[in-house]
Amino acid sequence: MKIYTPIICAMAIALFCNTILAQEYAAYQQDYFIKKGDSLPYRILLPKDYDASKSYPLLIFLHGSGERGNDNKAQLMHGASLFLENQNRDAYQSIVVFPQCRANSSWARIGVEGEFPNREFVFYKKSEPTKDMLLLEGLIKHLKKDYRLKRDQLYVGGLSMGGMGTFELVRRNPRMFAAAFPICGGANPEISKRLKKLDWWVFHGSDDKSVPEKYSAQMVEAMKQKGINVKYSVYPGVGHNSWDNAFAEPELLSWLFSKSR
């Protein structure tokens with residue numbers, strides 16, 4: 001009779017879960033955007049029964065700092081399963097792309113003052129783009145050439161570092177997107193005048209210690225003052241992982257894909 005220790009059981013469960021996840025995410029094809037010797041890993045999910053002669057909406061999703069690297073896998077940790085659900089793939093025929101930012105880099109250039117948990121983020125009104133942001137913009141141009149896209153239905157969302165990157169990508173490309181949904185992110189409120197051409201849904205947890213809710217709140221207030229169409233969902237008692245609540249919003253995808261420029 002074999003006796004399995006808790007450690008062995010835990011390892012077996014972890015291996016099983018990783019195998020299941022690998023199989024589940026296999027629908028996201030692996031690829032790399034390469035420019036001047038630099039590469040940006042990304043995963044792309046095509047619609048069921050993809051037809052190259054048809055045009056589709058495009059959604060770019062930007063991960064957080066914990067999923068950085070070059071394995072072209074970690075960026076699928078949060079959010080990827082939402083777009084794999086059969087009912088969503090059937091209802092919202094679209095191309096979904098998850099790029100991966102390199103380690104020790106970011107989607108937006110942001111300063112940090114002090115140490116956690118008392119640190120403050122410094123959001124610049126205008127700064128030089130990071131290399132990963134330039135690669136991301138190059139990837140979007142590449143996707144526009146390689147696929148038939150509905151140019152009036154381009155969307156972007158992201159969480160934490162990716163939420164900050166969402167604001168930055170729109171700031172740099174104010175006429176590109178129809179809607180955006182930053183989760184537990186933030187930006188400089190003075191950029192709001194460049195965020196007016198699209199609809200927004202902003203999410204944050206009230207008890208977020210990693211990226212305090214004030215950063216989203218001040219953005220939403222500034223955007224409202226500019227007359228921007230913005231929704232704001234704050235989840236009481238929720239910490240940094242407010243993306244779980246955002247992805248569970250029953251109207252998120254219907255809201256998103258109803259928007260066009």
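**Exercise 1. Determine whether Glu120 is buried, partly exposed or exposed, and describe its charged partner.**

Step 1. Glu120 has a relative accessible area of 33%, so it is partly exposed. The classes are buried for under 20% relative accessible area, exposed for over 50%, and partly exposed in between (1.4 Å probe, protein chains only). Accessible areas come from the Shrake-Rupley method with a 1.4 Å probe, and for residues only the protein chains shown count as cover.

Step 2. The model is predicted: local features need pLDDT of at least 70 and side-chain atom pairs count only at pLDDT 80 or more, whereas totals for chains, interfaces and linings use all residues. Residues are numbered from 1 along each chain as its sequence is written, and side-chain values use heavy atoms, without hydrogens and water.

Step 3. Glu120 forms a salt bridge with Lys214, with 3.0 Å between the closest N and O atoms. A salt bridge here is a side-chain nitrogen of Lys or Arg within 4 Å of a carboxyl oxygen of Asp or Glu.

Step 4. Distant parts of the chain are linked by this pair: Glu120 is in strand E6 and Lys214 in helix H6 (residues 214–225), 94 residues apart. Helices (H or I, at least four residues) and strands (E, at least two) are DSSP runs, numbered from the N terminus. Lys214 is partly exposed, at 37% relative accessible area.

**Exercise 2. State how many salt bridges a search of the whole structure finds, and analyse the pairs of Asp90 and Arg172.**

Step 1. The search of the whole structure gives 7 salt bridges. Side chains of opposite charge can pair when their charged atoms come close.

Step 2. One of the pairs joins Asp90 to Lys48, with the closest N and O atoms 3.2 Å apart. Asp90 belongs to helix H3 (residues 86–91) and Lys48 to the loop between E2 and E3; the pair links distant parts of the chain, 42 residues apart. The relative accessible area of Lys48 is 27%, which makes this residue partly exposed.

Step 3. Arg172 and Glu137 meet through their side chains in a salt bridge of 2.8 Å, N to O. Because Arg172 lies in helix H5 (residues 161–172) and Glu137 in helix H4 (residues 131–146), the pair ties together parts that are 35 residues apart in sequence.

Step 4. Arg172 counts as partly exposed at 27% relative accessibility, whereas Glu137 counts as buried at 13%.

**Exercise 3. Explain why Cys101 and Cys184 are not bonded to each other.**

Step 1. A disulfide is a covalent bond between the sulfur atoms of two cysteines. The criterion applied is a pair of cysteine sulfur atoms within 2.5 Å.

Step 2. The cysteine sulfur closest to that of Cys101 is in Cys184, 16 Å away, and is therefore too far for a bond. Cys184 is likewise in no disulfide.

Step 3. The search of the whole structure accordingly returns 0 disulfides. Cys101 is buried, at 0% relative accessibility, and Cys184 is also buried, with a relative accessible area of 0%.

**Exercise 4. Identify which peptide bond is cis, and which backbone angle is notable at Asp49 and Asn104.**

Step 1. The cis peptide bond joins Phe116 and Pro117, with omega about 10°. Pro117 is placed in the loop between strand E5 (110–113) and strand E6 (120–123).

Step 2. Asp49, a residue other than glycine, has a positive phi near 55°. Asp49 occupies the loop between strand E2 (38–45) and strand E3 (56–62) and counts as exposed at 77% relative accessibility.

Step 3. Asn104 is a further residue other than glycine with positive phi, near 65°. Its loop runs between strand E4 (95–99) and E5, and Asn104 counts as exposed, at 77% relative accessibility.

**Exercise 5. Locate Tyr25 and Pro99, and relate each to a residue elsewhere in the sequence.**

Step 1. Tyr25 lies in the loop between helix H1 (6–24) and strand E1 (29–35), and counts as buried at 11% relative accessibility. From Tyr25 to Arg43 the C-alpha to C-alpha distance is 9.3 Å, with their positions 18 residues apart in sequence.

Step 2. Pro99 is in strand E4 and is buried, with 0% relative accessible area. Pro99 and Met161 are 62 residues apart in sequence, and their C-alpha atoms are 13 Å apart.
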